[in-house]
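Thanks for coming. I will go through one model today, starting from a single residue and working outwards.

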Amino acid sequence: MRIAQLQHSTVPEVRPGDAFHTVREMMMDVRLFDLPVVDPMGVFLGVIQFEQIQERRSGTISQLPEGSLSSVFMDEEDLLGRLLRLMRTKNMGIMPICNPLGEYRFCITSNDLLNWVEGESMLAQPGAVMSLRMATHDYSLAKLARIAESNRAMILNLRMHDDEQPGMCLVHLKFNLMDLSQLLSGYEHFGYEIVYVSHETRRDEWLRDRYSSLMRYLEI
C-alpha cells in the first residue's frame, strides 16, 4: 500500500514569518507537538518541534538557527511499511509527505496510522494493536497465536501485506489486552521485528485512576 492511499488528517502549515507564540497556539489547537514548515511557494522547509519554541517569548520561525528544523520527509509514492518503521525509529508524531520536487503535500499523523491499523473491523472491541515485520516464509498464524496464548492474550484481528523489500511482509494484530508489555517481549524473543505498537501500560492505567480520583475529590 502506498502512502498516497492512506487517509490523512488536516495539519496546519507553519510559515517562516509566523511568530513563536502563534505556532504554539497552532500546536495546542490540533494537539500536535510537531508541525511542518512550508515556504510561500509550497516547498517543504522542515518540521518545527514544540521544545524548540517552548521558552521563546518573541521572534519568528525564520530566526531559528539554520539547520535546526528536522528535514525528514517521505515521498507520497513510498510504501506504508517504511513509513511505519521510520515514524517509530525517529519517534515522530507526524511525517511530512512531499512530491519528488520537494513540494509539501500533506502530513501523516500517528493517529492516522492507528486508525488504519485498527480498521473498522477492529473497533468493536477494546484492545491494543501491534505491527510486526518478518520474512514472508516465516509467517505463521498458528505460531503468532501460540505466542499470544502463552501470554494469556487472544488475537482479535489480523492483517498482512507485502513489505517494500522482496520476501518481507508486515502483519498487523489487534489483541484483547490493553497492555502488551509481556507480548512485546514474547514476539521479540522469537525474532519478530516490532515496527509499531499502541497500547496502555499498567502505569498509564494507574495515572488515569489517580487523575479520576483527584477529579472526584475536587468535585466534593
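**Starting from Ile-53**

Leaving aside residues up to four places away in sequence, Ile-53 touches Phe-20, Val-23, Arg-24, Met-27, Ile-48 and Ile-61. Before going further: this is a predicted model, and what I say should be taken in that light.

Which core does this residue belong to? Ile-53 is in the largest nonpolar core, a set of 21 residues, and is one of those that touch the most other members, along with Val-14, Val-23, Met-27, Leu-35, Ile-48 and Ile-61. At least two residues of this core come from each of helix 1, strand 1, strand 2, helix 2, strand 4 and strand 5. Helix 1 gives the most, four residues. There is also a second, separate core of 20 residues, and Met-74, Leu-84, Met-87 and Met-95 are among them. As general background, nonpolar side chains in soluble globular proteins tend to be buried together.

Now helix 1 itself. The helix covers residues 20-30, and within it Phe-20, Val-23, Arg-24, Met-26 and Met-27 are buried. Why do these count as one side of helix 1? Because they cover an arc of only 160° around the axis, they lie on the same side of the helix. The cover over these buried residues includes strand 1, at 34-38, strand 2, at 44-49, and helix 2, at 50-53. After helix 1 comes Arg-31, with a positive phi, near 55°.

Next, the sheets. One is an open sheet of three strands in the order 3-4-5, and its pairing is mixed. Strand 3, residues 74-75, and strand 5 are the edge strands, each pairing on one side only. Strand 4 and strand 5 run antiparallel and are joined by five bridges. Met-95 stands opposite Ile-108 in strand 5, and Met-95 is also one of the residues I listed for the second core. Helix 3 lies across strand 3, strand 4 and strand 5, at about 135° to strand 4.

The other sheet I want to show is open too, with four strands in the order 7-8-6-9 and antiparallel pairing. What is left without a neighbour in this sheet? One side of strand 7 (155-162) and one side of strand 9 (193-198), because these strands stand at the edges with a single partner strand each. On average, neighbouring strands here are turned by 20° against each other, direction ignored.

Within that sheet, strand 6, residues 129-135, pairs with strand 9 in the antiparallel sense over five bridges. Val-129 stands opposite Ser-198 in strand 9.

Two helices to point out on this sheet. Helix 3, residues 80-89, packs on it and touches strand 6, strand 8 and strand 9, with its direction at about 75° to that of strand 9. Helix 6, residues 181-189, also packs on the sheet, touching strand 6, strand 7, strand 8 and strand 9; the direction of helix 6 makes about 5° with that of strand 6. Helix 3, then, touches strands of this sheet and also lies across the strands of the 3-4-5 sheet.

To finish, the totals. The protein chain has seven helices and nine strands. Of its 220 residues, 42% count as buried. Among contacts with a separation of 6 or more, 60% are between residues 24 or more positions apart. The accessible surface comes to about 12,700 Å², and 49% of that belongs to carbon and sulfur atoms.

Definitions and conventions: Residues numbered from 1 in each chain as written. Predicted model: local features only at pLDDT ≥ 70, side-chain atom pairs only at ≥ 80, totals over all residues. Heavy atoms only, no water. Buried < 20%, exposed > 50% of the residue type's maximum accessible area, 1.4 Å probe, protein only. Arc of directions from axis to C-beta. Contact = heavy atoms within 4.5 Å. Pairing = 2+ DSSP bridges. Axes fitted to C-alpha atoms, helices over the stretch in contact; angles between N-to-C directions. Core = buried A, V, L, I, M, F, W, Y, C linked by side-chain atoms within 4.5 Å. Areas by Shrake-Rupley, 256 points an atom, 1.4 Å probe, with all protein chains shown as cover.
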